[in-house]
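How is this chain put together, and where does its ligand sit? The paragraphs below take the reader through the model one region at a time.

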Amino acid sequence: MADLIQIVVIDDNVRSLELLSAALDRDGIQIHTASSPEVGLELVRKLRPRLVITDLVMPRLSGLEVLDRVMMTDPAIDVILMTAHYTTETAVEAIRNGAADYLEKPVQLSLLRDRVNRLLETAQRRQSALNADASRPDVVKFEGLIARSPLMWDIFARLQRVAPHYRSLLINGQTGSGKDLLAQALHRLSGVKGRFVVLNCSAVVETLFESELFGHVRGSFTGADRDKTGLFELADQGTLFLDEIGDMPMSTQAKLLRAVQNQEITRVGSLDCRRVNVRIIAATHKNLPSAIRDKVFREDLYYRLSMVEIVAPSLQERMEDLPLLVRHFVQRFSEEYGKPIHGIAPRAMILLERYTWPGNVRELEHAIGHACMMATGDRIDVPDLPERMVQACKSWLGHPDGIFEMPATSHAEFNLSNDPGGSKLAAHESQLIARALSEAGGNQSQAARRLGIGRDAFRYKLKKYSLERQVDDFGLRN
Ligand SMILES: Nc1ncnc2c1ncn2[C@@H]1O[C@H](COP(=O)(O)OP(=O)(O)OP(=O)(O)O)[C@@H](O)[C@H]1O
């Protein structure tokens with residue numbers, strides 16, 4: 001039988017304890033209650049529960065102190081705080097300090113059940129994504145984002161935590177790293193009823209910014225031949241995503257700040273204020289603190305937006321996600337183009353692993369799209385990849401046509417239908433390296449040449465697959 005999930009509930013109001021326990025009671029869960037924070041913390045130390053739900057205001061020890069002590073005991077434990085005095089600021093602050101969620105009292109029991117189930121489910125899926133068979137797309141997907149790296153699953157957990165509470169949020173990350181997908185995920189997770197409205201700030205002419213954001217009335221400027229609804233109004237009760245916020249002119253930044261703070265807008269050429277209820281997600285690949293120093297970005301707007309900041313990691317920082325992303329894009333494009341492409345030749349996969357991906361996932365998506373279009377057989381090979389990448393790779397390999405000289409089929413087969421995320425490829429690659437070394441009698445330069453890769457690349461692979469001992473067995477020969 002699977003282990004029961006342990007939950008500790010702490011509240012000095014016994015009636016409230018009973019209600020919460022009854023609401024959460026279901027198969028697979030064991031609930032422990034404590035009517036004082038001290039007893040609750042003792043239970044936490046003894047049981048190491050999956051989740052702690054605690055009241056914020058209690059005699060002797062507040063919920064925030066309980067949160068602190070639980071984090072010290074085991075930061076992996078999720079803590080939900082409950083308070084009768086909910087504000088966005090305190091919620092965000094508590095989440096910054098490590099809380100998993102922050103609920104208003106009296107707690108709506110269906111909402112509590114929903115949030116608890118989501119937390120438990122994400123923890124479970126994170127575990128599955130990090131472990132074993134990551135080839136199942138449902139296991140390695142979170143709101144449309146594919147990942148198995150701990151870095152990304154930490155971000156997914158943060159998204160889930162802040163989504164119900166944030167009013168404005170900043171996503172920072174290199175171009176093509178998935179900022180747009182993260183913003184969409186946040187919008188969906190926030191549960192707001194309104195639309196997800198996007199403005200790409202780098203695509204708007206300076207003079208039209210205000211009218212885009214706030215709308216205008218007919219006749220307010222040359223060309224304004226009818227009333228126009230601005231994006232703030234379109235996003236009412238929903239989310240406004242301001243992509244490339246670093247490209248917004250200073251004059252518009254001041255007006256944006258006012259609109260975000262007051263949740264009020266005025267159409268250009270009108271005197272009427274309109275109330276709106278809009279959440280703002282801003283994204284940029286720029287370094288905003290340095291833009292503030294250069295006086296092209298307002299500090300007050302930055303602080304407002306970065307109340308919560310999410311950093312999207314580059315693909316280089318999470319290369320363990322590469323095989324999954326390759327699989328995903330090959331599947332997508334082979335369906336799109338109606339071609340029976342089932343995999344990628346090992347030497348092409350090696351090239352993808354060695355490339356530095358300055359354009360991140362978008363560049364990978366384009367590379368695989370290109371390769372699927374070019375492929376003549378049932379799998380992608382090096383010549384199918386964009387020429388620019390192959391050229392870049394040739395120069396690192398130090399042997400102009402080395403990668404082409406490697407056998408395309410021999411030892412390794414990256415097959416989409418049965419390879420769980422590249423582990424098989426790695427095993428084959430390590431065999432290939434070991435064999436080349438043995439055939440070259442332990443001479444690394446020769447073995448590298450046989451494989452058509454540079455010495456540094458060869459050394460890196462030796463280290464990666466812990467094959468250095470094999471070199472020692474031959475004695476060091478170069
Ligand atoms: N984790 C992921 N799983 C699947 N697809 C992804 C992932 N991350 C990014 N993509 C895809 O890569 C492409 C680029 O992603 P996205 O537009 O979200 O990046 P971005 O950081 O917003 O880029 P830019 O800075 O240029 O606006 C999109 O087609 C997106 O679907």
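Two strands are taken to pair if DSSP finds at least two bridges between them, and strands themselves are DSSP runs of E of at least two residues, numbered from the N terminus. With that convention in hand, the structure, which is a predicted model, can be read from its sheets outward.

In one open sheet, five strands follow the order β2-β1-β3-β4-β5, and their pairing is parallel. At its edges lie β2 (29–34) and β5 (101–104), each of which pairs on one side only, while the twist from one strand to the next averages 20 degrees. The contact between β4 (residues 78–83) and β5 is made by four bridges, with the two strands running parallel; within this part of the model, Ile 80 stands opposite Asp 101 in β5. An unreviewed UniProt entry places the feature "domain: Response regulatory" at residues 6–120, and this span is 47% helix and 23% strand, with its end C-alpha atoms 11 Å apart.

A further feature from the unreviewed UniProt entry, "domain: Sigma-54 factor interaction", is placed at residues 145–373. Over residues 145–373 the chain is 44% helix and 17% strand, and the end C-alpha atoms are separated by 24 Å.

Another open sheet has five strands in the order β9-β12-β15-β8-β16, again with parallel pairing. Its edge strands are β9 (196–200) and β16 (309–312), each pairing on one side only, and neighbouring strands of the sheet are turned against each other by 20 degrees on average, direction ignored. Inside this order, β12 (residues 239–243) and β15 (residues 279–284) are joined in the parallel sense by four bridges, and the bridge partner of Thr 239 in β15 is Arg 279.

What, then, surrounds the ligand? The shell consists of 16 residues, of which the closest are Ile 146, Gly 178, Lys 179, Asp 180 and Val 361. In terms of secondary structure, β7 (145–146), α7 (179–190) and α15 (360–374) each supply at least two residues of this shell. In terms of domains, at least three shell residues come from each of domain 2 (166–312) and domain 3 (317–474). The chemical character of the surroundings is mixed, since the shell residues divide into five nonpolar, six polar and five charged.

Terms used
Residues are numbered from 1 along each chain as its sequence is written. This is a predicted model: local features need pLDDT of at least 70, side-chain atom pairs count only at pLDDT 80 or more; totals for chains, interfaces and linings use all residues. UniProt positions are given in the numbering used here, feature names are shortened, and annotations may be inferred rather than shown by experiment. A residue is near a molecule or strand if its C-beta atom, placed from the backbone, lies within 6 Å of it. Ala, Val, Leu, Ile, Met, Phe, Trp, Tyr, Cys and Pro count as nonpolar, Asp, Glu, Lys and Arg as charged, and the others, Gly among them, as polar. Domain bounds come from an automatic or database domain assignment. Axes are lines fitted to C-alpha atoms, for helices over the stretch in contact, and angles run from 0 to 180 degrees between N-to-C directions.
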